[in-house]
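Biologist: I am new to this structure and would like a close look at how its helices are packed. Please begin with the terms I need, and then follow the chain outwards from the helices to the residues around them.

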Amino acid sequence: MEYTVNINGIDVYAVYSEENINEIFIPLLRRLKHLYEEKHRRVLAFLAAPPGAGKSTLLSFLQYLSVNTDGLMPITTVGMDGFHHYQEYLLTHKIMRNGVEYSMVEEKGAPETFDLELLTDRIRKVASGEECGWPEYNRMTHNPREDAIAVAGDIVMLEGNYLLLDRPGWKNLKEYADLTISVTADSDMLRGRLIDRKINSGNTPEAAARFVDFSDMANVQTCLEESVDADINLELCRDGSYKGKS
């Protein structure tokens, strides 16, 4: 099935196979509905995946399926990018990598550049069933836009790089989730996808490769190497399809 959506100002085209739709995506959405019927309260699911794995596009497609497939419940989808620290904070704080000190703004996207305390508090509110605002990241101002979304649905799916990160503070997030999904992929494939994404944002191929190799790939390795297993573990293949991992 062909699917097009605008993600952060960029039109993204994806193709999802009927096999994936019928054997992975719809069963996942049915499972979320059954969890809601069983628990009689809001259900919160995490979708964790490294940069370049198509998290936002997949979540958008799952939302599309949830409202266009008989027998399912509509889902609300949100992301963790709105919890980046403000640019002013990143410009005035440092981070260490491989023994070298960098400005946080140079490492934007690393776990340390997110406001984990605020993210934890907002996840707790969503998990408790509270109606609350949710921030989005504004790529024009390079800052979060507070309360851009009102979270009020019965089934909420949250996507992000570090939702299953096995580090202090981050690893506590999992206790709020009713279901966790992990997507992994080959790091070389992700590098190519990330470079293409930067080029589509207006960067030259050379500038895109420099940025991805310095910043994005470090975050890719963090996600791939330091995340715990999920309830559902999927792998993104080179042809764009998904397969389950045992």
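Modeller: An axis here is a line fitted to C-alpha atoms, taken for a helix over the stretch in contact, and an angle between two axes runs from 0 to 180 degrees between their N-to-C directions. With that in hand, and keeping in mind that this is a predicted model, we can turn to helix α1, residues 18–39, and helix α2, residues 55–68, whose axes come within 10 Å of each other and cross at roughly 75 degrees. Because angles from 65 to 115 degrees count as roughly perpendicular, α1 is described as roughly perpendicular to α2. On the α1 side the contact is made by I21, F25, L28 and L29, while α2 contributes L58, F61, L62, L65 and S66. Sorted by type, the residues of this contact comprise 8 nonpolar and 1 polar, with no charged residue.

A second pair of helices can be read in the same manner. Helix α5, residues 187–200, packs with helix α6, residues 205–226, at an angle of about 135 degrees, and their axes lie 9 Å apart. That angle makes α5 oblique to α6, and the crossing of α5 and α6 is right-handed. From α5, the residues S187, L190, R191, L194, I195, K198 and I199 take part, and they meet a set in α6 that includes P205, A208, F211, V212, D216, M217, V220 and L224. The residues of the contact of α5 with α6 divide into 12 nonpolar, 2 polar and 4 charged.

Both α2 and α6 also take us to a loop residue, N161, which sits between strand β9, residues 155–160, and strand β10, residues 179–185. With a relative accessible area of 12%, N161 falls under the 20% limit and is therefore buried. Its side chain makes a polar contact, at 2.8 Å, with the side chain of K55, and K55 is the residue at which α2 begins. Apart from its neighbours within four places in sequence, N161 is in contact with A49, P50, P51, K55, M80 and C223, and the last of these, C223, falls within the range of α6.

D166 is placed in that loop between β9 and β10 as well, but it is partly exposed, with a relative accessible area of 44%. Not counting residues up to four places away in sequence, D166 touches K171, E226, S227 and V228, and E226 is the residue at which α6 ends.

Returning to α1, we can follow the chain into the loop between that helix and strand β3, residues 43–48, where H40 is found. H40 is exposed, with a relative accessible area of 67%, and it has a positive phi of about 60 degrees although it is not a glycine. This deserves a remark because most residues other than glycine have a negative phi. D147, in strand β8, is another non-glycine residue with a positive phi, in this case of about 50 degrees.

Further along the chain, G153 lies in the loop between β8, residues 143–151, and β9. Although G153 and R42 are 111 residues apart along the chain, their C-alpha atoms are separated by 7.4 Å, and with residues up to four places away set aside, G153 touches R42 and T76.

Key: Residues are numbered from 1 along each chain as its sequence is written. This is a predicted model: local features need pLDDT of at least 70, side-chain atom pairs count only at pLDDT 80 or more; totals for chains, interfaces and linings use all residues. Side-chain values use heavy atoms; hydrogens and water are left out. Helices (H or I, at least four residues) and strands (E, at least two) are DSSP runs, numbered from the N terminus. Angles under 35 degrees count as roughly parallel, over 145 as roughly antiparallel, 65 to 115 as roughly perpendicular and the rest as oblique. A crossing is left-handed if the near helix is turned anticlockwise from the far one by less than a right angle, and right-handed if clockwise. Contact means heavy atoms within 4.5 Å. Ala, Val, Leu, Ile, Met, Phe, Trp, Tyr, Cys and Pro count as nonpolar, Asp, Glu, Lys and Arg as charged, and the others, Gly among them, as polar. Buried means under 20% relative accessible area, exposed over 50%, partly exposed in between (1.4 Å probe, protein chains only). A polar contact is a pair of N or O atoms within 3.5 Å; within protein, one must be able to donate a hydrogen and the other to accept it, and residues adjacent in sequence count only if both atoms are side-chain atoms.
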